[in-house]
Structures are given as structure tokens and as C-alpha cells.
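Biologist: I would like a close look at one part of this protein, and then a walk outward from there. Please keep it brisk.

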Amino acid sequence: ILGGYEAKPHLRPYMASLQLDGQHVCGGFLIAEQWVLSAAHCTEETDGRVFQVLLGAHSLTEPEPHKRLYQVRAQFPHPGSNIHNNKDDLLLLQLEEKAELNAAVQVLPFQREDRDVAADTVCDVAGWGTITHSGRRPDKLYQVERPVISRDVCNHRTRHDHTITEKMMCTDSRRRDTCKGDSGGPLVCNGVAEGVVTAGSRVCGNYKKPAIYTRIAPYAAWIDSVMASADG
Ligand SMILES: CC(C)CC(=O)Nc1cccc(-c2cccc(CN)c2)c1
């Protein structure tokens, strides 16, 4: 998160850190007791290894009462996701067991009504992604508030040049922005997860490249079907 600030500990009890060998790779969030939603492109540099999911954390390294690392039983990237574009950039992770819910571990509801969030709506996004242009990685969760910008503005030739589909949304990226390691985290508007951070042009804090999110509502049926099929 660029231009943001340290979050209040455990006020975002749905936040997950997707880790490999104890290293934070991407964000994610708890959408059901045994399910975390993240971004498919987070699996690009894992060469087939399965993530571990840290829940209940504020600091990535310090011991905290409700902090717990969960094994992942299965990972389900959206079938339409690919490395060449940001389309269908969603990843469902089934935990090895149901997460123990408590003050620091809670589910976040996601938007099921497929309607655009109005431009200028101020939403918030959090993550353990880089907090400086030089790539400094924080130990604590950071957050930032960002206004939604219209798809027309985001699709302007000088911005994302008509690559933003109706299943994506954008927020202003002037100075304050998402960055490497924030992918997979939720864009929360009025207490509901409306989007999932995607890397997009992989630049950060440049107003010409607004932050891009996969809108969740268009994928509600896919999410429900995967959870139902795998839960048995
Ligand atoms: C395997 C993956 C972690 C590789 C990857 O995603 N790299 C990477 C590099 C630079 C910026 C970003 C990035 C993320 C989220 C939002 C944005 C743009 N606001 C950029 C992402």
C-alpha cells in the first residue's frame, strides 16, 4: 500500500496473508469459514506449490493471540484467468479445516448485486504489500482510502485504454495506491467487499494507471458453485 498508514490491529479480521516458505506473497480475505478469496495471478511465481494462509494477523512476524497459519486443501483459479491479461483474476483457496472464528478472524460478506459502485465512492483497501516505491515491505497491515473512478475515465486512451471490462472496476491511483503484494486483497465499500485487487499494469502510485480490481458480484455464482462442489 503506497501513501497509506498502519491499520488499527484486527479491525479487518477477514484479511489473509498468502505465504510461501513463511514469506508474504499476496493478500486475500475470508469469505466463508473454510474459504479464502484472492487473485489468480498470485500463483504465477509459485511453480505449482500450494500457499499457506495466515489469519488473525496484524504483524507478519510478532506473536499475536489469534494468529494462525492454515494449510490449504485445494486452490481453484478461475478457469478464465491467464497470465496475459487481468481477466477473471480470482483464486479460491479451500483451507484444510474451518478457520476458528474470533475477535481477530471473521468472514467478510461480498457484493452479490451486479451493479457498478458509483464513481467518487470512497472505499478502503488494506494489505502487506510494498509501502515505498523502492519496494519496502511492511511487517504490519497497512490501509488506504481511495475514490472509485468511472469505467469510462479508467478506459481512457491515456489510462487503461479500453482494457477495463464490465467485470472490473478502478480507483484513483494518484500517490495513494495498491502495490506489489496487495493483490488478492478486498476493496471494501460501505462494509462490503466489492472488488479484489489485481496487479493490472504493475505500476504503483501513477495517476495515469488507476488501480484495477476484479468486481466480485459477476462471479458470485462461480464462487458459490466451487464452494458447494468442494464442500460436498
Ligand atoms: C506473483 C505476483 C505477486 C507478481 C506481481 O503481482 N507483481 C507485481 C509487481 C509490481 C506491482 C504489482 C501490483 C500489485 C497490485 C496493484 C498494483 C497496481 N496498483 C501493482 C504487482
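Where is the place of S225, and which residues does that element cover?

Modeller: S225 sits in helix 2, which covers residues 220-231. A word on ground rules. This is a predicted model, in which local features need pLDDT of at least 70, side-chain atom pairs count only at pLDDT 80 or more, and totals for chains, interfaces and linings use all residues. Residues are numbered from 1 along each chain as its sequence is written, and side-chain values use heavy atoms, with hydrogens and water left out.

Back to S225. This residue counts as partly exposed, because its relative accessibility is 39%. The bands are these: buried is under 20% relative accessible area, exposed is over 50%, and partly exposed is in between, with a 1.4 Å probe and protein chains only. S225 and S134 are 91 residues apart in sequence. In space, their C-alpha atoms are 41 Å apart.

Now the whole fold. The protein has two helices and 13 strands. These are DSSP runs numbered from the N terminus: H or I over at least four residues for a helix, E over at least two for a strand. The radius of gyration is 16 Å, close to the 17 Å from the globule rule for 232 residues, so the protein is as compact as a globular protein of that length. That radius is taken over C-alpha atoms, and the rule is 2.2 Å times the number of residues to the power 0.38. The C-alpha trace spans about 45 × 35 × 35 Å along its principal axes.

Of the 232 residues, 52% are buried. The accessible surface comes to about 10,500 Å², from the Shrake-Rupley method with a 1.4 Å probe, where only the protein chains shown count as cover for residues. Carbon and sulfur atoms hold 50% of that surface. Take the contacts between residues at least 6 apart in sequence: 70% join residues at least 24 apart. A contact means heavy atoms within 4.5 Å.

Charges next. There are 26 positive and 29 negative side chains. Lys and Arg count as positive, Asp and Glu as negative, and His and the chain ends are not counted. The two sets have centres 6 Å apart, with each charge placed at NZ of Lys, CZ of Arg, CG of Asp or CD of Glu.

L30 is a good place to look inside. This residue is in strand 3, residues 23-32, and counts as buried because its relative accessibility is 0%. Beyond four places in sequence, L30 touches a long list that includes Y14, W35, L55, A99 and V105. V153 is another matter: 123 residues from L30 in sequence, and 31 Å away from C-alpha to C-alpha.

W35, one of those partners of L30, brings in the aromatics. The count is one aromatic pair. Rings of Phe, Tyr and Trp (its six-membered ring) pair if their centres lie within 6.5 Å; planes under 30 degrees apart are stacked, over 60 edge-to-face, and the rest tilted. The ring centres of W35 and F76 are 5.6 Å apart and the planes meet at 40 degrees, so this pair is tilted. The pair links distant parts of the chain, 41 residues apart: W35 is in strand 4 (residues 35-38) and F76 in strand 6 (residues 68-77). W35 is buried at 1% relative accessibility, whereas F76 is partly exposed at 24%.

A99 also touches L30. A99 lies in the loop between strand 7 and strand 8, yet is buried at 4% relative accessibility. Other partners of A99, beyond four places in sequence, are E33, L55, Y70 and V105. L55 is 44 residues from A99 along the chain, with 8.3 Å between their C-alpha atoms.

E97 belongs to the loop between strand 7 and strand 8 too. This residue is partly exposed, with a relative accessible area of 39%. Neighbours within four places aside, E97 contacts E33, Q34, R68 and Y70. The C-alpha atoms of E97 and Y70 are 7.8 Å apart, across 27 residues of sequence.

D120 is placed in the loop between strand 7 (91-95) and strand 8 (122-127). D120 is exposed at 61% relative accessibility. Its phi is positive, about 80 degrees, although D120 is not a glycine. R175, also not a glycine, has a positive phi near 70 degrees. R175 is in the loop between strand 10 (168-171) and strand 11 (186-189).
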